[in-house]
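Visitor: I'm new to this one. Could you pick a single spot and take me through it slowly?

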Amino acid sequence: MSAKEYRTTTAARGGLLTVSDAPQIAFGDRVLIRDHRGHRRNGQVIRSAADEVLIQVFEGTDDLDLENTWVRFLDQPMEIALSPELLGRIFNGLGEPRDGRPPILSTLHRPISGSAINPAARTYPREFIQTGISTIDGLNSLVRGQKLPIFTASGLPHNRLAAQIVRQAKLVDQESSFSIVFAAMGVSYSDAQFFQEAFSSSGVLGNVVMYLNQADDPPVERLALPRSALTAAEYLAFDLDRHVLVVLTDMTNYAEALREVSTAKGDVPSRKGYPGYLYSDLAEIYERSGRIRDRHGSITMVPVVSMPSDDITHPIPDLTGYITEGQIVLSRELHNQGIYPPVHISPSLSRLMKDGIGKDDTREDHPRVASQLYALYAKAQETRNLASIIGAEELSEQDRRYLEFADQFDRQFVAQEEDEDRSIIETLNLAWELLSMFPNAELTRVSETDLAKYHRSGD
Amino acid sequence: MSERNNHGTIRQINGPIITIHLPGVRNSEQVRIGELRLVGEVIALRGDEAIVQVYESTEGVRPGEPVETLGQPLSVELGPGLLGSIFDGVQRPLEALFARTGDHISRGITLPALNREREWHFLPAPELEVGMRLKPGQRLGSVQETERIEHHILLPPDRSGELLELAPAGEYTLERSIGRLRSADGTIHRLYLYHTWPVRTPRPYRRRDHSDEPLITGQRILDTFFPLVKGGKGAVPGPFGAGKTVVQQQVARWSNADIVIYVGCGERGNELVDVLETFPKLQDPYSGRKLMERTLLVANTSNMPVVAREASIYVGLTMAEYYRDQGYDVVMLADSTSRWAEALREVSGRLGQMPVEDGYPAYLASRLAAMYERAGRVITHNGESGSVTLIGAVSPPGGDFSEPVTAHTKEIIQTFWALSKELADARHYPSVDWVGSFSDHVTTVARWWHQEISPYWKRRREQALTLLARDAELSRIVNLVGPEALSSAQRWELEGAKLIKEGVLQQNALDPVDTFSSPQKQFLLLDMMLTIYDRGAALIHLGVPVQELRDLPVIARARRAKQTYDSSQSAELQAITREISDEFARIRMEYAKFQERAE
Ligand SMILES: Nc1ncnc2c1ncn2[C@@H]1O[C@H](COP(=O)(O)OP(=O)(O)OP(=O)(O)O)[C@@H](O)[C@H]1O
Ligand SMILES: [Mg+2]
């Protein structure tokens, strides 16, 4: 470790510190900063030239003065210590303890930036995870190694849903549960509290690693936080062979911190002031999930993404959707009708569902049942719109059946209790109850065999 | 050249953009950066400094570290062994890299793209004799690259001269020379089974040729409604989750091309694994051989270094042109060209160039056009016909087609498969929107369909499109005043459009039968649905209620026909159409009798 300290800071603003005359500093390296009160701050080199180095300061640049700031370049990348002792602990975004207990001691350190998984080293995720939630299991199934975000908005019960998934997620017929890596960026104190209680009341706390940055903690630290969390997740999954479920909340706070820093750096903005590299930056995080050939463990990721002003085309949910393998979209309308979880199935999607369901994984009719429910619900939505224009009385008998179906669907299939853990078979049987409202001829997406086996027509 | 200084030093590191001091270095030259010897390419010269884009992460690199030039631009190796492989954005072999460095991609590793140990059985071209003058790109012989593909060994297109020696038939590795050539200036060159070519220089050919043969993809809405020709340029724009990748993978699976090059440019790792795991098991419906034998992959996933994304498209195109030059029809899929454009934007932003629209540099449109220009049908140096079809996915932010990449692409291509969020949300797949899509090739391919499939193709196609347009009009009326306002004839039109949508346009890529439709099957299904509509319309005119026709069991069977009968079962499909005619004739008779009695 180089002992040399520089006092040649020339600018400090927006979380960025410039140091002049510090030659041969490695790009990406870790930096220690001592401010005028002798307090320590952490930084990272984000641009390096012979005559000037630009540092991103995780604790922010508030209150720094240029006279009394000392900078030490540690000659090592940003990294965290790894050991099985991580489980049950709480850290900040840089991997420093937040629970009053001593730091992790280990000879194993890894850079938090990670490196890209060789696509040829991956195996395709295909093991069905039962979350006990019908709209997910039945229609947008999650598989081990998938990244499936929850798109939400302020005031919607995404935290409760995330906590329910964490509590209930398991492989069918298996009790073996997941190790949880919980990464919270810019969350409120009460939200942080909610999760801690949720984990401890369900007895999983010893199986959880938390990385916590609250709303009043420095925003720049949020840039390091998901990377630290995923470095821990990779260790648990690929060194310790565990199946890891990573919850990242809220990625919108992360992206806003990124915008703050990029603006200060003077990067060319693209949409809404977010930097052009937001896509790649988010991808570096999301693509760390998956399965790897010849490894037992896996990383399944459930990021929570708030849609500012409920707008799914806002750059953050939009770019997330372009990277992740589907999305679960929550709806204010359903929420206002008192439906929990308010999952809006039309824009929701799971792209990895196809290989995780069916005969050997869930039940043979599953893919066709899902497709049929979607087709009926789409038609029912059209009918609802029509009814709102011309009045339900004007509808044909056939159309009224669709209205009735939509209502039943929302109330019986979508809605469930927060502690209701439905098996996939229960979910599929429930689906057939709804399908049975229609005559065989209208159910063209299921097979004749399915109809003979599961359709409960009165005749 | 040898007097030039090849060594310099790093001055500044700004993410993937590095400034170096190396007087005399040329634009586009490849360089090795730092102690790690990262791969980079010179993109601009400024005074005594050169700007380098680096294809690997620059973490840990310091000012003052050494730089070395390689004296040549970014190039790829072209020879047997490409097929069945997966390369990264600068043609590093990912399988070999995995064997060497494990799960994660390490930096600074250079591995030859093509295997040097493997032996190939070389057959010299019988027409060649020692002492002959060889023209650029001339065929030297061949090796059987896969059971399906005979790989022609070509003289590099920038070489010509007198053949001094040509090896006899036998086993050769890429390292072993297969002959010697004396060029006009007297230099003697050894010849090998492979050569290299700079990726940013389009490979030359004798002349362009026109394309009139349809590229059959087995996807009904594409082939029948918005066709593409071999050598054409197509784009698939759509918001996330609309089905761009599925469309591209379907084309990769089922198109009647000889060679498929799939470039995953800034997209998901798992999508490439999907291809890698399924293609070796799937059979190509034309040759019966495994799909992987004609496929090669280029992967720069979204988490891999951004600037290699820009290169990956050219790496793919150069390999595509190489197979074209052997007389093959090649399809290259680029998923997604938006990520390529974003890589351009990223670099131009870091260079401080003036952005024009949404942060994109002014040269976006011309670069896009130049990229698509590398597609086309040509007559090769050997007088054969070969083609490159280029199909690019476009990922517009917020699904807004007026953004720069989509808008410029639309100006360049001839076939536009616009995907719609509304259709995708309703699980109408492929979500190709028949209003926003277009193809300039309909008249060109109509001749083929007329000769090979049916003289009624053009008429049936137009009839279906008319019905769909009527459907849109009538649905507007329904939404204003309710269904009661429609006449029975109009309600039957709605039913007709529904049959076209469900029975023809919707095609489930995941269903083993429905996933591929031969042109014959496509036409038979279209004809079946329109037969129902036509016969029904006549009956409705006589006063038969819509309700009575709609619920006929034979119609439910017609709607399921696409997933019930595969492409070889034309007779069964025709039987349903006959049954429909018979059934409607029966109803007509009954109805006539009923009316007689009533009178
Ligand atoms: N023809 C089809 N048949 C069945 N399912 C389909 C079809 N097309 C699309 N899908 C469904 O839609 C999902 C999303 O499609 P796809 O991954 O191709 O979207 P995309 O447009 O490439 O999205 P992105 O821009 O995010 O990559 C698929 O995973 C699949 O479930
Ligand atoms: Mg895609």
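Guide: Let's go to ligand 1, where α3(B) gives the most to the surrounding shell, with 3 residues. Before going further, keep in mind that this is a predicted model, in which local features need pLDDT of at least 70, side-chain atom pairs count only at pLDDT 80 or more, and totals for chains, interfaces and linings use all residues. Residues are numbered from 1 along each chain as its sequence is written, chains are lettered from A and ligands numbered from 1 in the order in which they are written, and side-chain values use heavy atoms, with hydrogens and water left out.

So where are we? Ligand 1 sits between chains A and B, and both chains show up in its shell. Two helices (DSSP runs of H or I, at least four residues, numbered from the N terminus) each supply at least two shell residues: α7 of chain A, spanning 315-323, and α3 of chain B, spanning 244-254.

Count the neighbours and you get 19 residues around ligand 1, where being near takes a heavy atom within 4 Å. The closest are R351(A) from one chain, and K244(B), T245(B), V246(B) and R268(B) from the other. Sorted by class, the shell has 9 nonpolar, 6 polar and 4 charged residues. Here Ala, Val, Leu, Ile, Met, Phe, Trp, Tyr, Cys and Pro count as nonpolar, Asp, Glu, Lys and Arg as charged, and the others, Gly among them, as polar.

Now zoom in on individual atoms. On the chain A side, an N or O atom in the side chain of R351(A) is 2.8 Å from an oxygen atom of ligand 1. Over on chain B, the side chain of T245(B) has an N or O atom 2.7 Å from a ligand 1 oxygen. The backbone joins in too: a polar backbone atom of A509(B) lies 2.9 Å from a nitrogen atom of ligand 1. How much of ligand 1 does the protein bury? Taken alone, ligand 1 exposes 640 Å², and the protein buries 92% of that, with areas from the Shrake-Rupley method and a 1.4 Å probe.

To put the pieces back together, T245(B) is among the closest residues to ligand 1 and offers a side-chain atom 2.7 Å from a ligand oxygen. R351(A) is also on that closest list, with its own side-chain atom at 2.8 Å from an oxygen of ligand 1. That's the view of ligand 1 between chains A and B.

Note on methods:
A polar contact is a pair of N or O atoms within 3.5 Å; within protein, one must be able to donate a hydrogen and the other to accept it, and residues adjacent in sequence count only if both atoms are side-chain atoms.
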